[in-house]
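User: I would like to go through the ligand site of a protein and hear how each label is justified.

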Amino acid sequence: MQRPKICLCLTCSTLAENLAVLEKYRRWIDMAELRADYLTDDERLYIRRFPAMAGIPVILTIRRLVDGGVYKGGEAARTALMARGLAFASQDTSKNFAYIDLEEDLDVPCIQDAALAFGTRIIRSMHNMTDTVTDLPAQMAKIRKTGYEIPKIACTPRTLVDVSTLFKESASLDYEHIVCCMGMFSIPSRILAERTGSFLTYSSPPADNIDEALTKLGHTDPIQLNTLYNFRAIDKKTDVFGITGFPLTHTLSPNLHNEGYHKHGMNAVYIPIKSESVKDALDFGKVLGIKGLSVTVPHKEDVLACLDSVSPEAAEIGACNTVVFGESGTTGYNTDAEGFEKALREFLQVKNLRGKKIAIIGAGGAAKAIAYTVYKLKGKACIFNRTLANARFLAGKYRFKYAVLGMESQKLLEEYSWLIIQTTPVGMGAGETDDSADPLIFYGFAGNEQVYDIIYNPEKTPLLRRAEQAGCRICNGYSMLKYQAYKQFELFTGVPYEN
Ligand code: ATR
């Protein structure tokens with residue numbers, strides 16, 4: 001089977017606008033889908049002209065509401081519109097629609113016959129907007145009416161387990177087909193279309209240009225598919241890596257890792273793998289033969305119990321952000337500690353933290369690696385946390401002090417303010433004018449504190465902004481992210497990131 005094609009979905013209300021979008025992405029795509037359900041009534045009169053305007057193979061799709069489209073008219077009018085798209089076929093087949101998408105329950109012989117006669121291939125589609133499909137091979141066989149048709153199943157997995165099953169089941173499909181997942185767990189099926197043997201992957205321009213609904217379906221933008229994920233180079237030999245977490249928004253890890261493979265000329269790809277359960281992500285990894293997984297919030301602690309072995313450092317820290325899939329099973333590592341140590345040395349220009357009093361804000365998975373590093377570097381810390389019991393537990397490991405995160409701890413925070421390390425998710429994704437997402441809102445900076453916030457998006461959290469305004473030296477979490485990723489890259493590939 002051929003490598004999957006990249007199909008750009010066109011959802012503007014006029015043909016001219018669709019053409020402009022197509023021009024923008026032309027070099028990144030192989031074909032386009034004209035979603036005529038998005039066109040105005042007037043524009044729908046002229047759909048027949050579009051393939052010649054586009055100059056690449058085009059699918060004609062007029063999607064009903066029930067299948068996730070916006071077509072509100074009746075079936076007779078929709079069929080007439082399809083007929084208009086196929087009519088007056090040109091001898092030059094590049095001027096005709098190359099494909100027409102017909103739903104599996106649409107049985108209009110004259111449209112099918114016209115498609116057949118005019119060289120327009122039928123994509124026979126089935127959509128499940130709320131659930132996955134069970135027994136993919138049987139469902140595909142059911143909707144595939146003739147060998148001339150390409151059956152397509154688009155469904156909505158409820159968990160990553162459903163996605164694993166779809167990947168497993170698609171292995172037995174030995175004819176042209178399209179499989180795509182929609183919704184929250186859709187991304188792996190879109191980027192790894194080669195692994196489902198899908199004839200194409202659907203993609204869309206970034207969200208602000210198109211209807212929000214389409215991005216919810218899980219489309220990736222064509223430029224990202226090509227430049228970030230090197231989609232066209234993915235083949236049977238490509239090593240797959242990924243990052244799992246939930247909700248897994250704001251991750252820059254794919255950029256760092258994929259850039260590394262690119263730099264070293266490696267045939268590898270690193271993708272986001274959203275999962276509510278880390279066990280599901282590990283199982284998915286095994287189904288796909290994934291070589292390594294980065295683990296992020298909220299799975300860094302839970303993952304330990306699911307692994308075959310754990311490095312002494314990850315066991316000591318009690319959190320793992322790196323899983324390597326090897327011959328003898330899964331092994332967990334923690335590269336956050338090393339990443340943080342490097343980032344801290346760079347920020348503070350010190351060899352160790354001897355005699356320094358440091359505040360650690362938060363006591364979750366990231367704080368565990370940070371407390372371990374502060375202890376290793378001989379610092380004295382106090383852990384401030386919303387839930388006192390969690391602070392007590394972590395502080396107990398290293399004989400640190402602990403206190404509740406709030407007004408009553410102001411004096412103690414002043415005492416431990418040579419360096420303040422912020423490890424909670426508060427401030428993540430905060431806007432430029434949003435001052436409320438600040439976990440130390442009760443604390444007034446003197447101006448001589450040094451503040452490290454492990455968040456890197458936005459570049460300056462409300463806390464960092466306030467600290468900087470008071471005259472403090474500040475640093476965001478990008479350096480930690482970068483250094484932990486470099487170490488992870490080496491564990492995954494055996495090659496140092498920078499050489
Ligand atoms: P991690 O993967 O680091 O464990 P997390 O579970 O989201 O991420 O939370 C990490 C830390 O952020 C925890 O210390 C948590 O406090 P609790 O122990 O009280 O749960 C803290 N945290 C999360 N949301 C917070 C909020 N809105 N205000 C203050 N602290 C918060």
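User: What makes the pairing of Gly-365 with the ligand a polar contact?

Analyst: This is a predicted model, in which local features need pLDDT of at least 70 and side-chain atom pairs count only at pLDDT 80 or more, while totals for chains, interfaces and linings use all residues. Residues are numbered from 1 along each chain as its sequence is written, and side-chain values use heavy atoms, with hydrogens and water left out. A polar contact is a pair of N or O atoms within 3.5 Å; a backbone N or O atom of Gly-365 lies 2.6 Å from an oxygen atom of the ligand, so the pair meets that definition.

User: Which atoms of Ala-363 and Asn-385 take part in such pairs with the ligand?

Analyst: For Ala-363 it is a polar backbone atom, 2.7 Å from an oxygen atom of the ligand, whereas Asn-385 places an N or O atom of its side chain 2.7 Å from a ligand oxygen. The protein covers 74% of the 630 Å² of accessible area that the ligand has on its own (Shrake-Rupley method, 1.4 Å probe).

User: How do you know which residues belong around the ligand?

Analyst: A residue is near a molecule if one of its heavy atoms lies within 4 Å of it. There are 14 residues around the ligand, and Thr-387 and Asn-390 are among those that come nearest.

User: What makes 56% of the protein count as buried?

Analyst: Buried means under 20% relative accessible area, with a 1.4 Å probe and protein chains only; of the 499 residues, 56% count as buried.

Methods. Polar contact = N/O pair within 3.5 Å; in protein donor to acceptor, adjacent residues only side chain to side chain. Buried < 20%, exposed > 50% of the residue type's maximum accessible area, 1.4 Å probe, protein only.
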